[in-house]
Amino acid sequence: MPASRPVWTNLAAALAVLFGLWFAGPAMAQQVNPTTSAVQEQQLLKQLRTVEGRVSIPDTKSGVLIQPGGDWRALHDGTLAWVTSIAVLGMLALLLLFYTVRGRIMIDAGLSGLKILRFNSFERLVHWITALCFMVLAISGLNVSFGRYLLMPLIGADAFAALSHYGKLAHNFLAFPFMVGLVLMLLIWIVDNIPNRVDVAWFKAGGGLLGKGHPPAGKFNGGQKMIFWSVIIGGGLLSVSGLLLLFPFWGTGIADMQLAQVIHALISAGLIAVMLAHIYIGSIGMEGAFDAMGSGEVDLNWAREHHSLWVEEEKARGRTPQVPPNAVAAE
Amino acid sequence: MARLKFLCDADRCIECNACVTACKNEHEVPWGINRRRVVTINDGKPGERSVSMACMHCTDAPCAAVCPVDCFLTTADGVVLHSKDLCIGCGYCFYACPFGAPQYPKVSNFGTRGKMDKCTYCAGGPDGLDTAAEYAKYGSNRLAEGKLPLCAEMCSTKSLLAGDGDIIAQIYKERVVKRGYGSGAWGWKTAYKDTVAI
């Protein structure tokens with residue numbers, strides 16, 4: 001009650017209301033029509049797509065009475081499942097085709113026996129932390145999308161539910177070391193991953209994958225830079241959308257979480273496809289490539305063929321290739 | 001076989017929240033979880049209506065369609081139940097549900113969800129067992145005793161109706177015809193792809 005207001009104004013207001021009612025009373029009783037004034041569900045849904053009101057329980061977000069859900073369900077059951085299947089299976093098919101046509105990319109000059117340090121132990125540690133996290137995240141994510149149809153019929157509902165439960169926990173927890181890995185990779189490799197003219201020429205020459213010969217490249221070639229930026233941008237989007245899903249209702253509503261889930265699923269599908277290609281070319285696809293992330297030291301001839309400019313830079317810095325101390329004397 | 005449904009006659013609901021309280025008490029639903037709630041639309045304005053809402057036990061339920069571990073079961077009476085033994089608390093049913101029915105207890109760090117909880121239409125768990133463990137998970141099984149959901153049975157204005165869809169639709173239809181108005185069977189179009197034609 002406003003204390004400053006004199007008593008007589010309150011009285012006057014009350015009297016005015018009473019008089020008003022006395023005059024309008026009979027007329028209003030005839031006019032009240034609960035049908036015309038009542039809120040209608042279909043009308044509200046048409047106007048707002050959601051029907052929302054007030055609840056007297058503490059959980060205020062439960063004030064949403066009816067919300068859209070059909071669109072997300074259709075996306076989840078249809079589009080997302082198709083996009084992911086095509087991305088993953090399509091990339092596997094593409095790699096198989098590439099392997100059949102091109103075969104393993106060998107070192108043209110053969111192994112030199114001289115080694116040059118490509119990635120130091122810290123770089124390798126960061127790479128493998130991120131990589132292992134990504135693999136678990138990808139597999140547990142694919143399990144949530146397709147396990148019900150692929151794995152559950154094989155191992156039964158109970159075993160599958162237990163597995164999926166641990167998968168969910170792994171997905172939630174490993175997201176954090178994955179994000180740390182992303183930040184560290186960005187910091188240690190961004191300098192060498194800024195696109196330049198060399199990359200344009202590298203792509204024009206077919207990147208050494210399609211054409212003959214080896215176009216010059218620095219520490220990272222155009223293809224590797226694309227992988228780097230896919231990981232940084234894709235991983236960044238996955239992190240943001242994943243965090244929104246990990247913390248429900250932290251500044252989001254159901255519609256926002258549906259959108260975050262769709263983005264999360266689409267980006268994952270793309271990044272899994274990119275990573276399959278990355279894993280292929282870093283292992284069975286190319287002779288000598290795995291050493292870069294394995295021992296960290298690559299063969300000089302491999303480095304000359306795939307990263308000619310980088311080898312020159314290293315030599316200019318005085319880091320000359322050496323025979324590894326544990327090498328077996330041969331020839 | 002009956003097709004069990006809920007129908008809330010919003011022109012009768014007085015927002016007393018007795019259905020909410022009865023549900024919590026009957027099933028000893030834990031803190032922070034409400035299987036049923038009353039939402040008041042246009043609160044304080046002309047034409048204000050209150051609607052009591054819980055899981056509507058949808059036809060072709062969206063929750064069941066998107067569940068990654070396939071933990072849902074629709075009974076012969078059309079009641080949508082789920083297994084808390086299988087549920088992994090991923091939240092997908094909550095994204096898909098048009099009525100905000102799935103609820104999750106907060107069990108650990110961040111927003112990690114526990115096993116989903118929702119209205120069972122007072123039908124207990126999917127296994128139909130009568131044990132203390134089942135009661136702790138799902139609440140009581142009134143349907144097995146030949147009783148309807150408590151929320152509807154004790155509704156003082158008989159606003160909330162539960163039972164065979166055809167019968168409660170008929171009751172609602174008669175009411176609308178007699179009193180001359182009705183704000184509609186809330187959620188029926190979304191849940192059952194069906195409205196009560198007057």
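Colleague: What makes the span of helix α9 (residues 222–246) of chain A close to the expected one?

Modeller: The expected span is 1.5 Å times one less than the number of residues. Helix α9 of chain A has 25 residues, so 36 Å is expected, and its first and last C-alpha atoms are 35 Å apart. This is a predicted model, in which local features need pLDDT of at least 70. Residues are numbered from 1 along each chain as its sequence is written.

Colleague: Why is α9(A) called a helix?

Modeller: A helix is a DSSP run of H or I with at least four residues, numbered from the N terminus. α9(A) has 25 residues.

Colleague: Which residues of α9(A) are called buried?

Modeller: Among them are Val231(A), Gly235(A), Leu238(A) and Leu245(A). A residue is buried if 20 or more other C-beta atoms, placed from the backbone, lie within 10 Å of its own. The cover over the buried residues of α9(A) includes α7 (157–189), α8 (197–204) and α10 (254–282) of chain A; contact means that C-beta atoms lie within 7 Å.

Colleague: How do you know how α5 (residues 121–150) of chain A and α7(A) cross?

Modeller: Two packed helices are described by the angle between their axes and the distance between the axes. The axes of α5(A) and α7(A) come within 7 Å and cross at roughly 145°. Angles run from 0 to 180 degrees between N-to-C directions, with axes fitted to C-alpha atoms over the stretch in contact.

Colleague: How many residues does each chain give to the contact?

Modeller: Chain B gives 42 residues and chain A gives 44. On the side of chain B that touches chain A, β2(B) has the largest share, five residues.

Notes
Chains lettered and ligands numbered in written order. Predicted model: local features only at pLDDT ≥ 70, side-chain atom pairs only at ≥ 80, totals over all residues. Helix = DSSP H or I, 4+ residues; strand = E, 2+ residues; numbered from the N terminus. Buried ≥ 20, exposed ≤ 12 C-beta atoms within 10 Å, placed from the backbone. Contact = placed C-beta atoms within 7 Å.
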